[in-house]
Amino acid sequence: MLTQAISSSYTPHRRHFGLLIVALMAVTTACVPVTLAPTTTSPPPADSATQSATTMTHTTGTATVRPTDPPQPTSASEPLVPPESVKAQVVEVVDGDTINVSIDSQEYAVRYIGVNAPETHHPEKGVEWMGPEATRANEDLVGGQTVYLEKDVSETDRYGRLLRYVYRPDGTFVNAALVRQGYAHASAYPPDVSRQEQLRDAQREARDAERGLWGPKVVEQASSSCDCSDNHYNCSDFSTQAEAQMCYDYCQALGRGDVHWLDDDCDGVACESLP
């Protein structure tokens, strides 16, 4: 009887204790997904695309959402020119080797270093053969464009024009481009000769391809003014490098070689000291 009494007196308490355990288990089970889910609703920093993508991935639990990468600066946005060059705006193309530019609202005449194009405005020579074509080629390269000017040694020539190598923003070396296309000769004017080898390479390419000044017309014109039968001339017999070059090329075409000894350094360019 005593045992039954004790057992009976504890039965309600056991029932309540069992219910408490069941309730706690239910609560614990219900909290499992809560503890695994993100506990913060604060958005990621606005400038952190990577953090945003991570948060969105965990929240959805499905496919990864990747934001568009922010644009990165590329080398294409920077001009491909020598670092010490000066930016200028072309306001006029004078001829095949001269332009007028504006730098900080001041206008300057610029003579291309290391090249010599046929004349179009010379007071004595007038318009030389291929002169207009050379001017148009220069216009096509730089007319109305932004260019970059690189100095060699000299600041100006005897006429007060800036002596410069000229580049387009895409890196095109304008001096060499005119020579390579056959619209100008490579002419060395010491001490400004740092790019001369590059210009000579361009000239060899034009000559081998018979472009422009190196075409068949050269032979036709030279035949009336150049005697290749013997050594008759010195560089002092020519007024310009272009004239000496024409005679030199004519004799080469006839198979006489440099009969007049006009190319003393054997680089294919005659009388480089002439204007």
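This talk covers the aromatic pairs, the nonpolar cores and one buried threonine of the structure shown above.

Good morning, colleagues. Please keep in mind throughout that this is a predicted model.

I begin with the rings. A pair of aromatic rings is described by the distance of the centres and the angle of the planes. The count for this model comes to 3 aromatic pairs. One of them joins Y167 and F173: the ring centres lie 5.0 Å apart with 15° between the planes, and the pair is stacked. Are these two residues buried or exposed? Y167 counts as buried because its relative accessibility is 6%, and F173 is likewise buried, at 7%.

Turning to another pair, Y233 and F238 have ring centres 5.7 Å apart and planes at 65°. Planes over 60 degrees apart count as edge-to-face, so that is the class of the pair Y233 and F238. Y233 has a relative accessibility of 18%, and since buried means under 20%, Y233 counts as buried. F238, at 12%, is buried too.

Ring pairs also link residues into a cluster, which consists of Y165, Y167 and F173. A further ring has a charged partner: the charged end of R207 sits over the ring of W214, at 5.8 Å from the ring centre.

I move now to the nonpolar cores. In soluble globular proteins, nonpolar side chains tend to be buried together. The largest nonpolar core here has 34 residues. Which of its members touch the most other members? They are I99, V101, Y112, V142 and L149. Several elements each supply at least two residues of this core, including the strands β1 (86-95), β2 (98-103) and β3 (106-112) and the helices α3 (131-142) and α5 (196-209).

Take I99 as an example. Leaving aside residues up to four places away in sequence, I99 touches V90, E92, V93, V94, Y108, A109, V110, Y112, N138 and V142. Apart from the largest core lies another core, of 14 residues. Among its members are F238, Y250, C271 and L274. F238 is thus a member of this core as well as the ring partner of Y233.

Finally, I turn to T98, which is placed in strand β2. T98 counts as buried because its relative accessibility is 4%. What joins the side chains of T98 and D97? A polar contact of 3.0 Å does so. Beyond four places in sequence, T98 touches V93, V110, R111, N138 and R161.

Thank you for your attention.

Methods:
Residues are numbered from 1 along each chain as its sequence is written. This is a predicted model: local features need pLDDT of at least 70, side-chain atom pairs count only at pLDDT 80 or more; totals for chains, interfaces and linings use all residues. Side-chain values use heavy atoms; hydrogens and water are left out. Rings of Phe, Tyr and Trp (its six-membered ring) pair if their centres lie within 6.5 Å; planes under 30 degrees apart count as stacked, over 60 as edge-to-face and the rest as tilted. Buried means under 20% relative accessible area, exposed over 50%, partly exposed in between (1.4 Å probe, protein chains only). A charge sits over a ring if NZ of Lys or CZ of Arg is within 6 Å of the ring centre and within 35 degrees of the ring normal. A nonpolar core is a set of buried Ala, Val, Leu, Ile, Met, Phe, Trp, Tyr and Cys residues joined through side-chain atoms within 4.5 Å. Helices (H or I, at least four residues) and strands (E, at least two) are DSSP runs, numbered from the N terminus. Contact means heavy atoms within 4.5 Å. A polar contact is a pair of N or O atoms within 3.5 Å; within protein, one must be able to donate a hydrogen and the other to accept it, and residues adjacent in sequence count only if both atoms are side-chain atoms.
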